[in-house]
Amino acid sequence: MKRILITLLVALVYQIATAQVEEKKFSFNFENTTLEKAIESIEQESDYSFYFDKDWFKNYQEPITHRFSNETLETVLTTLFQNTQINFYVTDKKVILTQNSMIYDKLPENYFNDEKTKTTNNTTVVIQSAPVFQKELNPNENKVNFIGKENKTQKAKTYTLSGYVKDAKTGKPLPEVIIKTKNNEATAITDNQGFYTITLPVGLNIIETDNFLYKKETRKVMVYSNGKLDLAVSENVNQLKEVIVKGKKSEAIKSANTGVTSIDIEGMKNIPMVLGERDIFKVATTIPGIKTTGEGSAGFNVRGGKTDQNLILLDNGVIYNPAHFFGFFSGINSFTVGSADIYKGSIPAEYGGRLSSVFDIKTKNANTTKLTGEGGIGPVTSNLTVGIPIIKGKSSLLVGGRATYSDWILKTLDDKSLQNSQASFYDAVIKYNHKITEKDDLEATAYYSHDKFSVSSDSLYKYSNRLFSLKWGHSFNSKHKGALLYSNSQYKFNIEYDKSTDPTKSFDFGYKINENHFQFKFGYTLNDKHKISYGLSSKLYQIEPGDLDPTGEGTIITPVSIEKEKALESGIYLSDSFKVSEKLLVNAGIRYSFYAALGPSTQRTYQTNSPITDATVTETKEFGNNEVIKTYNGFEPRVSARFFLRKDLSVKASYDKTYQYLHLLSSNTTQSPTDTWKLSDLNVSPQDANQFSLGLYKDFIEKDCEVSVEGYYKKTNNILDYRVGAELLLNENIETQLLKGKGKAYGVEFLLKKNSGRLNGWLGYTYSRTFVKLDSQFESDKVNNGNWFPANYDKPHDLSAVLNYRFTKRYSASTNFIYQTGRPITYPVGKYTYGNAEYTMYSDRNQYRIPDYYRLDIGINIEGNHKIKKLAHSFWNISVYNVLGRNNPYSVFFVTKNGEIKAYKTTIFSVPVPTITYNFKF
């Protein structure tokens, strides 16, 4: 009996002991309640008291709906605080809440070891011991930014911090800003969108910004997880005298890309231009490797490429004709532009559809905090751009417009024929940007341009560009970003012929090309060595090649409508920027493009061993709506590499393969508003090119100068040319007018650039050759007996110097000198008689050249006073275009009079052209 009583007593004591140790379980049911109310409910239904600051719950107002059944208090609180910055500590029926940090009831084992180091990738990273206690924080110093919250199960030693660096005043993202820790243990640099990513050790870090033009910004950051921190920096007013492109220093030698140039948008105002108009494309032609066929010509030739081989992008949408008034003015208002990057080589894998270059132009984001504006008044044009904040700190609207008053000028002239002429244009840009959340942003851009001219004729020419683009950007995490993009582009022109003396011959001719483009783009930072880009895109082309409609009564014109064209072009790409070592950087990418010509369409087939003419047709095929007519595809590898020979000297090499499925049909030497685009189909194959580049790049850091020498070699297949007397408009079987050939181009480009100081600017020189070969087994399809001959835009020597000298902070002088070899031309060399008729005999195509081109422009720039508090800041530009009065030939033509052949030349500006322009900014 005694033994039984002892056993029962032990069991009772054990049960009481275990009951005290066993943690109490709770059940709660929360329905659409706030976090603070949920904590109050727990306090009322339990015997625990909570201690916290109510201000912590202001950011957590989303309603909570959750059911807890027989759960421990720790489980309940862990679930409730899972997506917050709040931690908790439970002791003696008390729950103490903390923000970010945790409460420890004992010191960690390694607390008295201040820090340990870890060496990775030749970089020493200091790993601080967690937790971080109050002894490491000084409440009198800057506020601490907490990233994530401390976790007892935390095992990671480093985390990734990312964000955007912006101008504190304008909200503009800032590229080339260095983010580093206090002792340079970790560094990063912002990209073109102002975005940075830096790896930091867990615990307390002190980071700071570094950029020549902006004040240093220092922040204390407590890092407990991956997170985001945006920084705003203020302009360093004391450094304003050192302008131009100091922030871009060393980028030429650091990147792995060859043939890439960024235009300084703000610095353009100092370059003398015809009629005082800032022009991105005119500035681009002073860069080695980019040329035009002549003064006042639209389009440009990049490294021996044709004018249709350049992809012009405005906020990811295509501009088909980026010129006003035959190329005298740019089609894009420079006051609305935020950045412009030109890729002549090392074209990134994300771009496709063109062989020679990409002009990636981005409009500005308007200030989200205050109203801003910029404008200019010139002798022929005026423009105004206004930035309007919509939701403070989140969204804004940019509105820019430009117009010419040349019509008014023409009506004031004494020449009656010119008084009846028309020559006008306008363009407008609207951009909306919205920061939806910390991870999502939206951009929408609309652009429209319109030209109209009729000079001493019965024909009125009109052409216009229309563009709409939409971009939704999303940040999945600090390492992974993506964007969904849509754009619609349209170009069209009309010719209205109104013969008042004979209305039976009046007509209206129209042409239109339209494309819809969808893109998915992603970027992933795998680690410090690999930055991966990938994505896919698809665009639908729709072309209306021409409609001729009679407009006069009793017309003798027969209506004509050329069959529409349609095609789908798609692409997928993957690229990796691989930092092999501190010296070697490799960018390797692959793009696969697929093209399908679609119906409805009528296509001819021709005899295989005969020239393509009306006489060699074998069959006519009919294709239904969206039926595939012909497909083309190809892989496009893009590889480039940079190797540091010294810290200020690098060598680069690259290889690009590109395809182009769209062709520009033009019988003119220069691009014209009435040129038409043709899609590849059953009888027209896509163009393709291979380009190799090799360059040497040197920085003179103390003098802020950079020098580069870059060579290239490019081969092109399936370029189009035309038979003698070809009819390109309103031709139902355009393939019968075409010749197919090959091209090759090579050259050496030299650039010396001084970025800052009293004297700044650049000197560029290019020696290059461009040849075409039109060979065939048929004599009728040969040009120059099938031998290589210079292309129309072959100009071996090209020299440009753009210099600016600043006398004071307000006064400076600018000069712009250009020299180019004359372009090739075909001359008449004799006469012969055949069948009692006399004919002119011409030389081989492009055997001769027109006279060389050179021009000197000068300008005086006067800035208003630099008082900070004033209504607007002003800027005067007084310039003289072609100050030497050089009579540069635009074209040379021949006329037969009285049996003699006489040569004539036309000139655009044969006398100096003075201009005064007033610009303002607020």
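G203 stands opposite V223 in β14, and that small pairing is a handy way into this predicted model. Its secondary structure comes to seven helices and 59 strands, so there is plenty of sheet to explore. Let's start with the sheet around G203 and then look at other parts of the protein.

**The sheet around β13 and β14**
- Strand β13 (residues 203–210) and strand β14 (residues 218–223) run antiparallel and are joined by six bridges.
- Both strands belong to an open sheet of five strands, ordered β8-β14-β13-β10-β11, with mixed pairing.
- At the edges of this sheet you find β8 (144–147) and β11 (187–189), each of which pairs on one side only.
- On average, neighbouring strands here are turned by 30 degrees against each other, direction ignored.
- As a general reminder, strands of a sheet pair through backbone hydrogen bonds, either parallel or antiparallel.

**Another five-stranded sheet**
- An open sheet of five strands, also with mixed pairing, has the order β17-β24-β25-β20-β21.
- Why do β17 (260–262) and β21 (317–318) each have one side without a neighbour in the sheet? They stand at the edges, and each has a single partner strand.
- Within this sheet, β24 (residues 337–343) and β25 (residues 357–363) pair in the antiparallel sense over six bridges.
- One residue to look for is S339, whose bridge partner in β25 is K362.

**Two helices and their buried faces**
- In helix α3 (residues 73–80), the buried residues are L73, V76, L77 and L80.
- These residues cover an arc of only 90 degrees around the axis, which puts them on the same side of α3.
- The general rule behind such patterns is that an α-helix has 3.6 residues a turn, so residues three or four places apart point the same way.
- The buried residues of α3 pack against several elements, including β1 (25–33), α2 (35–45) and β3 (64–72).
- In α2, L35, E36, A38, I39 and I42 are buried.
- The buried residues of α2 fall within an arc of 160 degrees seen down the axis, so they line one face of the helix.
- Q44 and E45 are exposed on the other side of α2.
- What do the buried residues of α2 pack against? Their partners are β1, β2, β3 and α3.

**Nonpolar cores**
- The largest nonpolar core holds 32 residues, and Y320, I513, L662 and W677 touch the most other members.
- Strands that each supply at least two residues of this core include β32 (480–497), β33 (507–525), β34 (530–550) and β40 (628–646).
- Apart from it lies another core, of 27 residues, and among them are I287, I312, I342 and F359.
- In soluble globular proteins generally, nonpolar side chains tend to be buried together.

**A closer look at G741**
- G741 sits in strand β46 (residues 738–754).
- Is G741 buried or exposed? G741 is buried because its relative accessible area is 7%, and buried means under 20%.
- Not counting residues up to four places away in sequence, G741 touches N717, N718, I719, K773 and L774.
- G741 and T716 are 25 residues apart in sequence, and their C-alpha atoms are 8.7 Å apart in space.

**The protein as a whole**
- Of the 922 residues in the protein, 48% are buried.
- Among contacts between residues at least 6 apart in sequence, 65% join residues at least 24 apart.
- The protein exposes about 44,700 Å², and carbon and sulfur atoms supply 54% of it.

Conventions:
Residues are numbered from 1 along each chain as its sequence is written. This is a predicted model: local features need pLDDT of at least 70, side-chain atom pairs count only at pLDDT 80 or more; totals for chains, interfaces and linings use all residues. Side-chain values use heavy atoms; hydrogens and water are left out. Helices (H or I, at least four residues) and strands (E, at least two) are DSSP runs, numbered from the N terminus. Buried means under 20% relative accessible area, exposed over 50%, partly exposed in between (1.4 Å probe, protein chains only). Contact means heavy atoms within 4.5 Å. Accessible areas come from the Shrake-Rupley method with a 1.4 Å probe; for residues, only the protein chains shown count as cover. A nonpolar core is a set of buried Ala, Val, Leu, Ile, Met, Phe, Trp, Tyr and Cys residues joined through side-chain atoms within 4.5 Å. Two strands pair if DSSP finds at least two bridges between them. Axes are lines fitted to C-alpha atoms, for helices over the stretch in contact, and angles run from 0 to 180 degrees between N-to-C directions. The arc is that of the directions from the helix axis to the C-beta atoms.
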